[in-house]
Amino acid sequence: MADSARAARLAKRVQVLMAQSLRNVIKDERIDNVTVTDARVTNDLQHATVYYTVFGDDEMKKDVAAMLEKRGGALRKELGRNLTIRLTPTLAFVADEIPEGASHLEELLAKAREKDAEVAALREGKDFAGDQDPYKKDEDAEEA
């Protein structure tokens with residue numbers, strides 16, 4: 001069994017090779033909208049998972065997923081030619097959902113900033129209803 005450091009190095013190499021191979025092997029203009037974001041290889045170097053994002057609508061994403069599934073064998077063959085290991089890992093393509101999640105999180109943070117600005121505007125020029133520090137202190141207990 002290989003160590004995890006070797007698997008990590010191989011994963012980086014698989015990521016680069018897949019990004020290059022997509023344009024060389026698949027002769028379709030839709031593949032120009034695909035970005036390989038990450039690759040993971042198991043410690044035994046037998047399986048590789050390639051994460052990708054697609055710039056486009058849901059129909060484009062479905063088409064690209066079908067295309068990658070259909071051309072997976074040719075991409076694995078191209079990967080085997082460029083790797084210097086005994087066995088070529090099997091490929092699994094997974095659509096990376098992190099960019100959509102990050103954009104949704106950015107929207108939520110922008111809304112929170114707007115609400116904070118509204119509260120700050122309402123607070124401006126106002127005073128506390130009681131003392132600034134309503135909690136009892138030790139010196140208050142001594143006076144009583």
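Is Asp 127 buried or exposed? The points below take up this residue after the overall description of the chain.

1. Status of the model. The structure under review is a predicted model. The remarks that follow should be read with that in mind.

2. Secondary structure. The protein chain holds five helices and three strands. Read from the N terminus, the order of these elements is α-β-β-α-α-β-α-α.

3. Overall dimensions. The radius of gyration of the protein chain is 27 Å, whereas a compact globule of 144 residues would have one near 15 Å. Along the principal axes, the C-alpha atoms occupy a box of roughly 85 × 40 × 20 Å.

4. Burial and surface. Of the 144 residues in the protein chain, 26% are buried. The exposed area of the chain comes to about 10,600 Å², and 51% of this is supplied by carbon and sulfur atoms.

5. Contacts along the sequence. Taking contacts between residues at least 6 apart in sequence, 59% connect residues that are at least 24 apart.

6. Charge distribution. The protein chain carries 23 positive and 29 negative charges. The mean positions of the two sets lie 15 Å apart.

7. Salt bridges. Two salt bridges are found in a search of the whole structure. In one of them, the side chain of Asp 38 meets that of Arg 40, with an N to O distance of 3.2 Å. Asp 38 counts as buried because its relative accessibility is 19%, the limit for burial being under 20%.

8. The pair in helix H3. A salt bridge also joins Glu 78 to Arg 81, with 3.2 Å between the closest N and O atoms. Both residues belong to helix H3, which spans residues 72–82. Their spacing of three residues corresponds to about one turn of the helix. Arg 81 has a relative accessibility of 57% and therefore counts as exposed.

9. Backbone at Leu 45. This residue merits a check of its backbone geometry: Leu 45 is not a glycine, yet its phi is positive, at about 60 degrees. Leu 45 sits in the loop that links strand E1 (34–41) to strand E2 (47–54). With a relative accessible area of 9%, Leu 45 is buried.

10. Helix H4. Ala 121 is placed in helix H4, residues 98–123. Ala 121 has 54% relative accessibility and so counts as exposed. Between Ala 121 and Leu 109, which are 12 residues apart in sequence, the C-alpha to C-alpha distance is 18 Å.

11. The loop after H4. Asp 127 lies in the loop between H4 and helix H5 (138–143). As to the opening question, Asp 127 is exposed, because its relative accessible area is 75%, and the limit for exposure is over 50%. The C-alpha atom of Asp 127 is 24 Å from that of Ala 112, at a separation of 15 residues along the chain.

12. Points to retain. The predicted chain has a radius of gyration of 27 Å, set against a value near 15 Å for a compact globule of 144 residues. Among the individual residues discussed, Leu 45 combines a positive phi with a buried position.

Terms used: Residues numbered from 1 in each chain as written. Predicted model: local features only at pLDDT ≥ 70, side-chain atom pairs only at ≥ 80, totals over all residues. Heavy atoms only, no water. Helix = DSSP H or I, 4+ residues; strand = E, 2+ residues; numbered from the N terminus. Rg over C-alpha atoms; globule rule 2.2 N^0.38 Å. Buried < 20%, exposed > 50% of the residue type's maximum accessible area, 1.4 Å probe, protein only. Contact = heavy atoms within 4.5 Å. Areas by Shrake-Rupley, 256 points an atom, 1.4 Å probe, with all protein chains shown as cover. Lys, Arg positive; Asp, Glu negative; His and termini not counted. Charge placed at Lys NZ, Arg CZ, Asp CG, Glu CD. Salt bridge = Lys/Arg side-chain N within 4 Å of Asp/Glu carboxyl O.
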